[in-house]
Amino acid sequence: MVRYINVKSRTRTEFIDITEKIQEMIKEAGISNGVCYLFVPHTTAGITINEGADPSVQRDIQTYLNKLVPFEGDYHHREGNSSAHIKASIIGVSAVVFVEEGKLVLGTWQSIFFCEFDGPRHRRVSVKFTAGDRKQA
Ligand code: ZN
């Protein structure tokens with residue numbers, strides 16, 4: 001069973017913290033131990049796990065991605081959003097996180113971010129859980 005998280009971006013590039021939404025989904029699904037697979041079914045958006053405590057980190061990542069791959073450039077793609085496609089490929093469209101005792105196993109400072117590169121748009125993230133080890137009866 002694949003579940004979906006709806007995400008609404010408000011600007012052209014934006015990192016949206018979806019950690020809590022995924023955590024709620026784990027609770028609703030009643031998953032205690034297993035693996036959480038996250039996949040972004042879009043060509044101009046991605047997903048990353050990085051620092052959630054200091055918002056400057058997300059800002060810095062976006063600033064330097066924009067410097068690395070500017071909005072305007074010698075691109076061939078006629079839709080005019082090649083920089084968003086390139087950023088999506090650099091960042092990637094999937095992530096895997098373990099689940100233990102009903103909680104995402106993340107590092108102290110880690111959060112899961114949906115990465116918009118061609119907003120504002122309505123987006124979604126697909127989520128799949130697989131059950132892991134079970135306690136012996
Ligand atoms: Zn395009």
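**Exercise 1. Place threonine 13 and list its surroundings.**

Threonine 13 sits in the loop that connects strand E1 (3-8) to strand E2 (14-17). The model is a predicted one. The relative accessibility of threonine 13 is 16%. Buried means under 20%, so threonine 13 counts as buried. Leaving out residues up to four places away in sequence, threonine 13 touches Gln62, Asn66, Phe71, Lys87, Glu116 and Phe117.

**Exercise 2. Two of these contacts lead elsewhere. Find the role of Lys87 in helix H3 and the salt-bridge partner of glutamate 116.**

Step 1. Helix H3 spans residues 82-91, and Lys87 is one of its buried residues, together with Ser82, Ser83, Ala84 and Ala88. The cover over the buried residues of H3 includes strand E4 (45-51) and helix H2 (55-68). After H3 comes glycine 92, with a positive phi near 95°.

Step 2. The side chain of glutamate 116 forms a salt bridge with that of arginine 123, at 2.7 Å from N to O. Glutamate 116 has a relative accessible area of 0% and is buried; arginine 123, at 5%, is buried.

**Exercise 3. Give the count of salt bridges and classify the two residues of the bridge between aspartate 118 and arginine 121 as buried, partly exposed or exposed.**

Step 1. The count is 2 salt bridges. In this one, the side chains of aspartate 118 and arginine 121 meet at 2.6 Å, N to O.

Step 2. Aspartate 118 has 13% relative accessibility and therefore counts as buried. Arginine 121, at 33%, counts as partly exposed.

**Exercise 4. Describe the site of the zinc ion: donors, spacing and geometry.**

Step 1. The donors are His77 (NE2), Glu79 (OE), Asn81 (OD1) and His85 (NE2), at 2.0 to 2.2 Å from the zinc ion. Along the chain they follow the spacing H-x1-E-x1-N-x3-H.

Step 2. The angles among the 4 donor atoms run from 91 to 148°. Tetrahedral would require all angles to lie between 85 and 135 degrees. The site is classed as irregular.

Step 3. Histidine 77 has 35% relative accessibility and is partly exposed. Glutamate 79, with a relative accessible area of 54%, is exposed.

**Exercise 5. Locate tyrosine 37 and state which surface patch contains it.**

Step 1. Tyrosine 37 belongs to strand E3 (residues 34-39). Its relative accessible area is 37%, so it is partly exposed.

Step 2. Tyr37 forms a nonpolar patch on the surface with Val96, Phe98 and Val105. Together these residues have about 390 Å² of accessible area.

Definitions and conventions. Residues are numbered from 1 along each chain as its sequence is written. This is a predicted model: local features need pLDDT of at least 70, side-chain atom pairs count only at pLDDT 80 or more; totals for chains, interfaces and linings use all residues. Side-chain values use heavy atoms; hydrogens and water are left out. Patches are made of residues with over 30% relative accessible area and no salt bridge: like charges are joined within 9 Å, nonpolar side chains (Val, Leu, Ile, Met, Phe, Trp, Tyr) within 5 Å. Accessible areas come from the Shrake-Rupley method with a 1.4 Å probe; for residues, only the protein chains shown count as cover. A salt bridge is a side-chain nitrogen of Lys or Arg within 4 Å of a carboxyl oxygen of Asp or Glu. Helices (H or I, at least four residues) and strands (E, at least two) are DSSP runs, numbered from the N terminus. Buried means under 20% relative accessible area, exposed over 50%, partly exposed in between (1.4 Å probe, protein chains only). Contact means heavy atoms within 4.5 Å. Donors are N, O and S atoms within 2.8 Å of the metal (3.2 Å for Na, K and Ca); water is not among the atoms, so sites may look incomplete. Four donors count as tetrahedral if all angles lie between 85 and 135 degrees; four count as square planar and six as octahedral if opposite donors are over 155 degrees apart and all others between 65 and 115; anything else is irregular.
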